[in-house]
Number of protein chains: 2
Amino acid sequence: MESKFSEEARQFKALSDETRLAIVDMLRSGELCACKILENFQITQPTLSYHMKILTDCGLVCGRRDGAWVHYSLNGENLKALGDLLAGFSR
Amino acid sequence: MESKFSEEARQFKALSDETRLAIVDMLRSGELCACKILENFQITQPTLSYHMKILTDCGLVCGRRDGAWVHYSLNGENLKALGDLLAGFSR
DNA sequence: CTACGGCATAGAGATTTGTCAATATGAAAA
DNA sequence: TTTTCATATTGACAAATCTCTATGCCGTAG
């Protein structure tokens with residue numbers, strides 16, 4: 001069932017969870033390490049790791065490993081592409 | 001846990017299914033009745049009805065009943081609002 | 001009134017998702 | 001080396017999702 005919007009559906013799915021949407025919103029202010037993100041939510045560390053994997057796998061967030069830490073940031077290019085698709089629906 | 005992005009997450013979830021995303025794409029050309037939409041997919045009528053309910057409940061699509069028919073169209077205002085949120089993530 | 005056509009709802013079942021506790025990995029500190 | 005710290009993975013589970021068949025509802029056409 002290779003659909004026309006397979007990749008975009010996967011990205012929208014990544015944004016369809018309130019926790020992940022709040023994480024993306026946090027990252028607007030710039031790069032953050034996982035432990036800093038975790039402080040803002042009532043979830044366990046493995047649950048955060050699960051969410052970050054979904055966000056990075058679909059290309060909306062980048063992860064940069066620095067020793068034991070991983071710093072996450074928004075992938076502006078892919079976020080813009082998805083925004084453009086959405087903008088095309090309201091014109 | 002009334003989140004900040006509760007409504008937006010619900011709208012992104014509506015767009016996170018390939019079939020629903022293709023339906024929204026179809027509606028770019030203008031209003032369509034359910035039976036016309038159904039012709040383009042390998043799903044049953046109840047399944048389409050299920051998807052249309054999700055799209056209308058979250059406010060991204062409008063349904064206009066005309067006798068036995070229901071004509072669906074995009075809700076440009078809400079689609080634009082969601083697009084603006086996404087645009088805010090890539091700036 | 002009866003029959004039909006378009007759409008919605010109910011119920012069931014298989015799959016996916018989100019969460020946790022427990023554990024593993026891997027780098028840095030002692 | 002041993003310990004500690006940050007993150008990832010595994011396995012389990014409940015809840016949500018998507019799909020179907022069967023059926024109900026309601027306009028409209030005979």
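User: By what turn and what shift can chain A be laid on chain B, and with what RMSD?

Analyst: This is a predicted model. Chain A goes onto chain B by a turn of 180° and a shift of 0.0 Å along the axis. That is the relation of a two-fold axis. The RMSD of the fit is 0.0 Å.

User: What percentage of the contact residues of chain A recur in chain B?

Analyst: Contact here means heavy atoms within 4.5 Å. By that rule, 28 residues of chain A touch 28 residues of chain B. The same surface serves both copies, and the share that recurs is 100%.

User: What area is buried between chain A and chain B?

Analyst: The size of an interface is often given as the accessible area lost when the parts come together. Carbon and sulfur atoms give 71% of that area between chain A and chain B. The total is about 2400 Å².

User: Which residues meet in a salt bridge at 3.3 Å, N to O?

Analyst: The count between chain A and chain B is two salt bridges. Polar contacts across this interface come to four residue pairs, both residues at pLDDT 80 or more. The salt bridge at 3.3 Å joins the side chains of B:Asp25 and A:Lys4.

User: Which element supplies the largest share of the side of chain A that touches chain B?

Analyst: Helix H1 (6-14), helix H2 (18-26) and helix H5 (76-89) of chain A each supply at least two residues. By class, this side of chain A has 13 nonpolar, seven polar and eight charged residues. The largest share is eight residues, and it comes from H5(A).

User: How many residues surround DNA strand C?

Analyst: The closest are A:Thr47, A:Tyr50, A:His51, B:Gln45 and B:Ser49. Of the strand C atoms within 4 Å of the protein, sugar and phosphate account for 71%. The surface near the strand divides into 11 nonpolar, seven polar and five charged residues. The number surrounding DNA strand C is 23.

User: How far is a phosphate oxygen of DNA strand C from an N or O atom in the side chain of B:Ser49?

Analyst: Chain A also reaches the phosphates. A polar side-chain atom of A:Lys13 lies 3.4 Å from a phosphate oxygen. For an N or O atom in the side chain of A:Thr44, the distance is 3.0 Å. For B:Ser49, it is 2.7 Å.

User: Which element gives the most to the surface near DNA strand C?

Analyst: Elements giving two or more residues include helix H3 (34-38), helix H4 (45-57) and strand E3 (69-74) of chain B. Helix H4 (45-57) of chain A is also one of them. The top contribution is five residues, from H4(A).

How values were computed: Residues are numbered from 1 along each chain as its sequence is written. Chains are lettered from A and ligands numbered from 1 in the order in which they are written. This is a predicted model: local features need pLDDT of at least 70, side-chain atom pairs count only at pLDDT 80 or more; totals for chains, interfaces and linings use all residues. Side-chain values use heavy atoms; hydrogens and water are left out. A residue is near a molecule or strand if one of its heavy atoms lies within 4 Å of it. A polar contact is a pair of N or O atoms within 3.5 Å; within protein, one must be able to donate a hydrogen and the other to accept it, and residues adjacent in sequence count only if both atoms are side-chain atoms. Helices (H or I, at least four residues) and strands (E, at least two) are DSSP runs, numbered from the N terminus. Ala, Val, Leu, Ile, Met, Phe, Trp, Tyr, Cys and Pro count as nonpolar, Asp, Glu, Lys and Arg as charged, and the others, Gly among them, as polar. Copies are superposed by least squares on the C-alpha atoms of residues with pLDDT of at least 70 in both. Buried area is the accessible area (1.4 Å probe) that two parts lose on being put together, summed over both. A salt bridge is a side-chain nitrogen of Lys or Arg within 4 Å of a carboxyl oxygen of Asp or Glu.
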